[in-house]
Amino acid sequence: MSRSVVVTGASSGIGQATALQLAGAGYEVFATVRSEEKADKLRARAEEEGTRLRTMVLDVTDGARCADVFAEIAGLTGGGPWAVVNNAGTALPGAIEDVDEDQARRLMEVNLHAPARIARLVLPAMRHRGDGRIVNVSSVAARAVMPFAGWYSTSKAGLSALSHALRMEAAPWGVRVVLVEPGFHASPMLENAADAFERRASVSSRYADCYRVASRSLRDSSRYPGPERVARAIHRVLATPRPRARYVLGTDARVGGRLDALVPYALSDRVKSAATGLSSAAGLEGLLARAGGVHRRP
């Protein structure tokens, strides 16, 4: 009997690549997406690749809908899925002072609270079986924090901490919790983030030039690998009898995380500020202020 796996956020990027990878490897895949249109496209893509999967329409921030969907999956799998890949996520580009509370709450709901909610829904059956996997997809941004990605890094750092605690709590019942931390990869999320930076740059802000720099950088997706490498790694996590607690994927993730931990803030802050145009923007504002403040940005 094939093992059942739920993959959230499967309409594109890592989620889609993972759902297709696992379906092709013989897993019974339940792929969650946010609309029927996206479900139709995913099923068509699976058929093109000669494989099949089930799609479920789910907004992971809707607690009642999550309960209904996982109850349906429990009925189809004889109790509940063997594994869950919590991949659904969103970005929130912008300086801390430019992000309002509603936006921040929404981000935390998707990236942090939803994986915890789903864990609560699947753990009882996994514990009863004495077997199961929960894979949480975090990011190198959890450890290598950049300007204008503070809220995203906060949500992913929270997911990392939650995963480590959950791993210890679930282990006595045979449930393995694994954290996957990819580096940058080509995905619609990067395009969406670039668009968001452009929108913020169009509004009066002291960071407008920095936002334009960030937008241009994110649009150069040809330098990033595709999501397939992350999908293959998640497949290995599910296939190996004893997976590691954490998988850091990509040279940028491995090097960036280590450097951020080892290099003094006095140096790393300067490097990051220069890379994002932040130090130049601050220098220009200082010059304008000293000239009389007539052209000072609001």
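Several elements cover the buried residues of helix α5, including α4 (101-129), β5 (132-137), β6 (175-182), α6 (188-201) and β7 (246-249). The model examined here is predicted. The buried residues of α5 are Gly-150, Tyr-152, Ser-153, Ser-155, Lys-156, Leu-159, Ser-160, Ser-163, Leu-166 and Ala-170. An α-helix has 3.6 residues a turn, so residues three or four places apart point the same way. The length of α5 was also checked. The helix runs over residues 150-170, 21 residues in total. At 1.5 Å a residue, a span of 30 Å is expected. The end C-alpha atoms of α5 are 30 Å apart, which agrees.

The loop before this helix was examined next. Phe-148 lies in the loop between β5 and α5. Most residues other than glycine have a negative phi. Phe-148 is not a glycine, yet its phi is positive, at about 75°. Is Phe-148 buried or exposed? The relative accessible area of Phe-148 is 8%. Buried means under 20%, so Phe-148 counts as buried.

A second site lies in helix α1. This helix covers residues 13-24 and contains Leu-20. Leu-20 has a relative accessible area of 6%, so this residue too is buried. Which residues does Leu-20 contact, leaving aside its neighbours within four places in sequence? They are Leu-42, Arg-45, Ala-46, Glu-49 and Leu-53. Thr-51 was compared with Leu-20 by distance. The two residues are 31 residues apart in sequence. In space, their C-alpha atoms are 7.7 Å apart.

The whole chain was then considered. It holds eleven helices and seven strands. Its radius of gyration is 21 Å, and the globule rule gives 19 Å for 298 residues. These values are close, so the chain is as compact as a globular protein of that length. Along the principal axes, the C-alpha trace spans about 75 × 40 × 35 Å.

Burial and contacts were counted over the chain. Of the 298 residues, 47% are buried. Among contacts with a separation of 6 or more, 72% join residues 24 or more positions apart.

Surface and charge complete the description. The chain exposes about 14500 Å². Carbon and sulfur atoms supply 54% of that area. The chain carries 40 positive and 30 negative charges. The mean positions of these two sets are 7 Å apart.

How values were computed. Residues numbered from 1 in each chain as written. Predicted model: local features only at pLDDT ≥ 70, side-chain atom pairs only at ≥ 80, totals over all residues. Heavy atoms only, no water. Helix = DSSP H or I, 4+ residues; strand = E, 2+ residues; numbered from the N terminus. Rg over C-alpha atoms; globule rule 2.2 N^0.38 Å. Buried < 20%, exposed > 50% of the residue type's maximum accessible area, 1.4 Å probe, protein only. Contact = heavy atoms within 4.5 Å. Areas by Shrake-Rupley, 256 points an atom, 1.4 Å probe, with all protein chains shown as cover. Lys, Arg positive; Asp, Glu negative; His and termini not counted. Charge placed at Lys NZ, Arg CZ, Asp CG, Glu CD. Expected span 1.5 Å × (residues − 1).
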